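Biologist: Before any term is accepted, I should like to see the value behind it. Please take me through the reasoning step by step.

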Number of protein chains: 2
Amino acid sequence: MSSVDKDRATTDEKPGKPPAKRIRRTAEEARRLILDAAEARLARQGPEGLRLQDIARDVGISHPAILHHFESRDGLVRALINRANNQLRDKLLAALAGDEKSDDAMDHIGHVFEVLSDRGTARLLSWLLLTGRAAEGTSEQSGHNVMGEIVEAMQQRREAYAKEHGLRKPDREDTLFTAMLAANAAFGEAIVGRQLAEAAGLNQDGLKRFRVWFAKMLNDHLDDTAE
Amino acid sequence: MSSVDKDRATTDEKPGKPPAKRIRRTAEEARRLILDAAEARLARQGPEGLRLQDIARDVGISHPAILHHFESRDGLVRALINRANNQLRDKLLAALAGDEKSDDAMDHIGHVFEVLSDRGTARLLSWLLLTGRAAEGTSEQSGHNVMGEIVEAMQQRREAYAKEHGLRKPDREDTLFTAMLAANAAFGEAIVGRQLAEAAGLNQDGLKRFRVWFAKMLNDHLDDTAE
DNA sequence: GGCTATACTGACATTCCTGTCAATATAACT
DNA sequence: AGTTATATTGACAGGAATGTCAGTATAGCC
């Protein structure tokens, strides 16, 4: 006795349940919206806030729709990882390629820092690392490549700069360490920066000064070691 | 890793129902063991691995025992936060007070870095920050105090050093920024350090060199600005 | 030894979340 | 228009996790 059509039968105008016109998107569009919502939730509430029903509500769909586009919750997570990895790689490479004209090596660091300290991305990546899910990208473990490419680009930049100005060849490990420091500090800032600044009584402008200060410090270091 | 300490069957092997002799601990001891297990799980598996039943199994008790000692799962989390905060504060203050004899300001930074980059603590704190649960400590918002105390201690140290050597008074904000950089970098390293080093083809020894390099860099900076 | 306080347990209730399925509606195409 | 492919949905199944409770056993004390 289950097949009693409750209220969805003929078009009775029940004020209670207007069948709520469906919006049918392309698969690509739907996937994008879902990933956006998931990323936003992740950034706002952390990993425990990543529930299919919540995401679905954010997008304005029902949760099985998510299961339809991504095979499972895990599939959604993997897609999220993948997209974040790719976006991060693209941004970093763009930052590296963007200021070809400038011969100031620090611009690279500065841009890398900006990209990495993006709150959403860093928090997402951090969560992945904390949960041990890193480098699950389907296409490639972009981590390796990105790190290598960045250091390589920085090193070449420094060498060119040194040659042009008749300085001695910069130490490769020094370049690597500089990049690592920038990456570490950027990640750290994305995670604890806000709390730290607040605890220190620093406002938004103070945080900006901190970045400038840091950039100058790296610059001084690079100048010193390249002398 | 399949070998979990699962065997709690007392030496007797009764086929039917060995009532499994109970171990009755003091409340304090039980709480400590539970918190230890929870912290270990959190460090190993991230926030999603924090399940009462798992923790109970680790300790060798039943999960209602945890509910008995901490009111709820949330109570356990709060206790965990509290203990981590206090431990961090103690360690930091100890690191600051420990080398009173040394007049090298960098030793402070070095110790702070060591303490902060402790994998377990940093990951725990990071998770708390990521989930937006920071500063829920019952006794006090230790975050404020610790940050303020550290900067204050560093500043006094620098001023004393400057006065003794006839240097100009160091800038307070510079001291703050130095502390922030150390904290950011330490946190970042605790989270992404391993992956980053791996991506860069750096072994354990390389990581050590990185820390030395970073300490030297900060030292140089402090010397320069204090001149 | 007996008594008491309470750390501890097994079984159950409840809630929440992922995943399945049959059915439906809509965009695209002929 | 009709037809098709598939994005989407409501309802339900299954499982897992937290929380409740009445009862049990053990350490400390007389």
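Biologist: By what turn and what shift along the axis can chain B be laid on chain A, and with what RMSD?

Modeller: In this predicted model, a turn of 180° and a shift of 0.0 Å along the axis lay chain B on chain A, with an RMSD of 0.2 Å.

Biologist: Why are the two copies described as related by a two-fold rotation axis?

Modeller: The turn is 180° and the shift along the axis is 0.0 Å; the two copies are therefore related as by a two-fold rotation axis. As for the contact, 100% of the contact residues of chain B recur in chain A, so that the same surface serves both copies.

Biologist: What makes up the contact between the chains, and which element of chain B gives the largest share?

Modeller: Chain B brings 38 residues and chain A brings 39 residues. On the side of chain B that touches chain A, two or more residues come from each of H6(B), H7(B), H8(B) and H9(B). The largest share there is that of H8(B), with 17 residues. By class, this side of chain B has 24 nonpolar, 11 polar and three charged residues.

Biologist: Why is H1(B) called roughly perpendicular to H6(B)?

Modeller: The two helices pack at an angle of about 80°, their axes being 9 Å apart. Angles of 65 to 115 degrees count as roughly perpendicular, and H1(B) is therefore roughly perpendicular to H6(B).

Biologist: Which residues meet where H1(B) packs on H6(B)?

Modeller: From H1(B) come Glu39(B), Leu42(B) and Ala43(B), and they meet Arg119(B), Gly120(B), Arg123(B), Leu124(B) and Trp127(B) of H6(B). This contact has four nonpolar, one polar and three charged residues; Gly counts as polar in this scheme.

Biologist: What is the secondary structure of chain A, and what percentage of its residues count as buried?

Modeller: Chain A has nine helices and zero strands. Of its 227 residues, 37% count as buried, the criterion being 20 or more other C-beta atoms within 10 Å of the residue's own. Among contacts in chain A between residues at least 6 apart in sequence, 64% join residues at least 24 apart.

Biologist: Which residues come nearest to DNA strand C, and which elements contribute to the surface there?

Modeller: Of the 25 residues around DNA strand C, the nearest are Leu52(A), Ser72(A), Arg73(A), Ala30(B) and Ile61(B). Two or more residues come from each of H2, H3 and H4 of chain A, together with H1 and H3 of chain B. By class, this surface has 11 nonpolar, five polar and nine charged residues.

Technical notes. Residues numbered from 1 in each chain as written. Chains lettered and ligands numbered in written order. Predicted model: local features only at pLDDT ≥ 70, side-chain atom pairs only at ≥ 80, totals over all residues. Near = placed C-beta within 6 Å. Helix = DSSP H or I, 4+ residues; strand = E, 2+ residues; numbered from the N terminus. Contact = placed C-beta atoms within 7 Å. Buried ≥ 20, exposed ≤ 12 C-beta atoms within 10 Å, placed from the backbone. Least-squares fit on C-alpha atoms with pLDDT ≥ 70 in both. Axes fitted to C-alpha atoms, helices over the stretch in contact; angles between N-to-C directions. Parallel < 35°, antiparallel > 145°, perpendicular 65-115°, else oblique.
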